[in-house]
Structures are given as C-alpha cells and as structure tokens.
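User: I would like to learn how to read features of a protein surface and interior. Could we go through them one at a time?

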Amino acid sequence: MFFHEAFDLIVIGGGHAGCEAALASAKMGLRTALVTINLDTIGQMSCNPAVGGIAKGHVVRELDCLGGVMPKVIDQTGIQFRMLNSSRGPAVQAPRAQADRALYRGEMRRRLEQQPNLFLKQAEVVDFVIRGDRVIGVEVIDGRRVGAGAVVVTTGTFLNGLIHVGERKFSAGRSGEGASILLAQAFQRIGFPMGRLKTGTPPRIDGRTVDFAKFEIQHGDVRPTLFSYSSRQVMQPQLPCYIGYTSPKLHDIIRRNIGRSAMYSGQIQGIGPRYCPSIEDKIVKFADKERHQIFLEPEGIGTHEIYVNGLSTSMPIDVQLEMLRSIPGLERVDMIRPGYAIEYDFMQPTHLSASLETRKVENLFHAGQINGTTGYEEAAGQGAVAGINAALKVRGEEPFILDRSEAYIGIMVDDLVTKGVDEPYRLFTSRAEFRLLLRIDNADKRLIEKGLQLGLISKERWEACRDKYRRIEAATEFLRRTLLGENSPYRLSLGAAAGQDVAAGVSLEQLLKRPEFKIDQLAGLLRDSGHELSDEERQAAEIQVKYEGYIRQQTQDVQKMQAMQQRRISGDFDYARVPGLSREVVEKLSHLRPATLGMASRVSGITPAAISILNVHLELERRRRAAAS
C-alpha cells in the first residue's frame, strides 16, 4: 500500500496524554510523529490552569521517574506551589501548582520541538489504515496516508465534541476549536464499545474588576515542593489565589433558572464527573448548604484573566454574569469567557489490554479521556504508558506493566482495563491498597530504575538517585546506632526544645519515632557527624524512621498478595474448561482476558470463590506441565 510518509509511531492529539506518549516513544529511539489539529494548542490547559493534587501529584512525580515532561514543565511555569494535606500523614500529602497557562503551553511545545526523533504535524486524522486486524497507518483530512508501526490515540474531548451553553449547543472539541467527527465515525465503523461522557468549565473573569478585599488571600508555600526530582528552584514570580463563597442570592438565581441549564433541561445525555460537580449540581443536590467555596486562580503573570474554580456551569451567558455579580467582591465584574459543558465520545477501557493496546485492532493504543478518565495528570500517566508500550510493540519487546503496588499509574491502568468506567474516572489515594508505599517522596526509589532500563532516564540521573538513597540510609543508620549520653549537650537541647526530659541512653532513632520530635531538630547533629541531608532527603529519612513498622508490614502484605495475584493466565486460556465457574464469570473473563489472577480478581462481578477455583485450576495445570517436562 502506498503511503505519502511513514513513521515508526504516530500519536494523534497534542494534549497532555499525546505529549507524554510522543516524547516517550521518541526518547526510546523511534521516529515519531505527533499529529494534531492545531499546533498552537499543544499542551493546552483547557480547564483549570493547575497541575497536581491528591493522588494526581503522585502521578506527576511518577512520570518524572519515567522521563515524563509534565513535571519539568510545571516546575518551569508554576506561579504558586502548595503541599496539600500537609497536616496529615505522608501517604496522602501531595503537591499542587498553579501554572501560567500561556507559558505552560509554550514550554511544552518548546520541549517537544527540541526532542530528537519527534516530528510535529498539523493535520486532522479522519481514519485508520487497517490490514487484517492490524493498524498500519492513518488517513488525514486532505487524503494523504501516513504509515506507522503503531498508533496512539489521545483525542481528549474532541471525538464528537458538543458544547452546551444554556439552550445553545454547537459542535466543538473545546471552545474555539472544531470537533473530530470523521474520526469518531471511523471508531464506530470498527465497532469499538463507545459511550458518552460530559465535563465542564467555569467562566473566566477580568481581575481588574474584582474587589479582592472581600476575598481571603491564599499564598503558596514558603518552601515550595517541586514536581521533578531534578528541579532545584521556582522559576516564575509567585502569585496569590483568593478564596470566596457563593451567596444566597446566587443560589436563588440558579433555582430560578435551573430549567435553562443544559444539565437540567435534558439537553445533555453524557455522564459528568461526580467529584467535580457543576454549581447547578451543588445547589440542587446540596440544598441544605448555605454557601459553597470558590477560588479565584490567576491564569498567568502577563494577564488579568482569572479562573473561577468551583463555579463550573452550563447556564446561559446572561445567567452566568448575573451569578458572578451576586458573589461578594464580584459585584462589578466583567466576564471574559463564559463557562460551558462539553459532551464527547469515549471507548469503554475494558476493551484494552494492560499495555493500553486495543484487543480489536493490533498496534492501536488509547490514552487519556478517550478511556473515560478526567484530569490532565491521569491523561499524562496513560500517555506515558501507551507511548512506552507502543514503542516496545514496534521493537518486538514485552510490554511494560506497572503493578498496583508499584505506582498510582499502575493502579489507574489496572482499574480502567479490569473495571471499566460508568462515570469520568479520577484518581484518589483511597484507590491504593498500599498507599503508604506509594508516597511522593519515594517515587524515584520505586520507578527510576525502570526509567533507566527503558532508555527514558539518563545513567547520570539514576546514579544521582542511587547516591541520594545511600546518603539517606547512612543517616538513618547513624540515628539508629547513636545513643544520647548522660552529658551530651544534644540530649539537653533536644529535651528543652520538646519541653520534656530526654533520658540518657535513648537512640536518636527512638527519639525521632516520637510524634513531638522532627528531624529538622537533628539537622545540626547530622551535619556535624558528616550526614548532612537536603530538605527533601531529611523528609524521606524521617518518614522511614517514623513509619518503619507500618512500611515493613505493608511490604510483607504486598509480597503475600503478589505470590497469588501475579500468577499468569495465558491469552488463549479456556475458562469454559474450569469446573465450578458460572457462565457469567466465564463470559466476563473470556471477554476481558486478564493477564494475571490479580487482574481477574478485580473484574467487576468476579467473586473470591471464583478466583479460588481458578487459582486451584491454574496450580494443577502448572504441576501437570512440570511433571510432563
């Protein structure tokens, strides 16, 4: 078949998933094309100009260890950094940063353009070129055919995208950009299991028309937590955000006009995200609440535009302006852009393998909102997995699969391919069985060697990580074996700082295990003993000491679970031959084809009894094969 051009791998879409997929493939040495409708919107933050959050910040840290670009770009363009849940335990603490939207987009494109093996192409993909059951290229709207060893689809909200503002609706991928209608039709012809989801965005306002004195100011952290382990300092001026509240007048406006909301008029059919409700949903479903919190978040350094977080809406424009001006401090506000809701097509992710390759079409991978997820970070994590695995598939190598005990990215992918989605999927720390092992401080310890093996991380960076943990281990060993003597000046000073006596003979490790002691109190002692650590290293050492028992127990639990759950199931396994499995279980497992017993156990509707029967059958088969050989 004739192709006008050919690449090892093609990535469709220039959003957060597409950027990570394309960069991973190019870093692994494949000649990669990123094809998108508009090159000027690569890395666009279509909704909130922020990265990170609970579990999401964990994903960005993990991406950094797999050669991802999002961590470096947000560190370069962040205008406010905050650690969420800082008063809680380390398992649920996570960084978040406001970005300068324009700088983020520009920095992302700059990094893509500088990456060897990566070629940016502005075109609309409208169809796939398929031979048998394998994709071999794509067709763009002007009729050209481009060949590829594999294709990664990261179309975001563009597949049959439909924007709603009150009673009005129009086809668009997002405001100001066209939808991908022809590509959606191509998916329908192939026969993928498609559904419809919805998301939304709030209005943007002119900061010059805001009375900030009526809002509570919110500054970033004095000591910012960055996302990339290689970042050393904040690069942009830091700006505050502002906290405000809705008013009873705003609630009355919404109730009076609820029939004009696209969400409540019956106009929208797609399912929206439960954890990011529109303001209409908040007023209707939480009618007892007298007010709801909103955040005014700056869009960047060189603009007066402000994102009104917490006010996502599909109301008509006139109602939106009336709503805004009912909020204390926004009485004279000017609205720059209205909020809107958008519906779009997605593919049920249970049709994917754990590598994010489709089962129906070989060498075709999906990542991002096309798989039913919501959020930049979830998209970026999937993009990295899909890009890595597409590259490995082209090279004829085994897929890269992260276990649930290794990374939040692994949890997300496993959830998607085994359980599917019935609403936009969002990551939370509560989805992790062993979240104390999946902290933001140890993502490099968990994953950087994998990044090195894949060719995504330099040897120098891996060595720097290795040296870091040698320093931490040496420091914790020093704390373990150092006892405070009767006349030790440190014993007296530490006791004074804690407001209590410190008994002689107590080790520094035992002291640090107490809730009232912090490792910063030992910084001078560590430095004097030749164990000076950075702020980040001291934090990691403190967590290791304080939570040693819990970490040891969770590690043992992981080992026990993996002994059973990592048992492989061949792709052609005949579930109908297993006595005792119900017809429903046989049908589900035959359709989903879980790669391991653990994945099978997480399929919706599969009982523990069915897993036990399957485990016994697999063990008997293993013994028969061993005896035969």
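User: Which residues form a nonpolar patch on the surface?

Analyst: A patch joins residues with over 30% relative accessible area and no salt bridge (a side-chain nitrogen of Lys or Arg within 4 Å of a carboxyl oxygen of Asp or Glu), and nonpolar side chains (Val, Leu, Ile, Met, Phe, Trp, Tyr) are joined within 5 Å. Here Ile141, Ile181 and Leu182 form such a patch, with about 240 Å² of accessible area together, an area computed by the Shrake-Rupley method with a 1.4 Å probe. This is a predicted model, in which local features need pLDDT of at least 70, side-chain atom pairs count only at pLDDT 80 or more, and totals for chains, interfaces and linings use all residues. Residues are numbered from 1 along each chain as its sequence is written, and side-chain values use heavy atoms, with hydrogens and water left out.

User: Where is isoleucine 141 found, and why does isoleucine 141 count as exposed or buried?

Analyst: Buried means under 20% relative accessible area, exposed over 50%, and partly exposed in between (1.4 Å probe, protein chains only). Isoleucine 141 lies in the loop between strand 8 (134-140) and strand 9 (145-153), where strands are DSSP runs of E with at least two residues and helices are runs of H or I with at least four, numbered from the N terminus. Isoleucine 141 counts as exposed because its relative accessibility is 53%.

User: How many residues of helix 3 are buried?

Analyst: Helix 3 (residues 70-77) is mostly covered, since seven of its eight residues are buried, and these are Met70, Pro71, Lys72, Val73, Ile74, Asp75 and Thr77.

Note on methods: Patches are made of residues with over 30% relative accessible area and no salt bridge: like charges are joined within 9 Å, nonpolar side chains (Val, Leu, Ile, Met, Phe, Trp, Tyr) within 5 Å.
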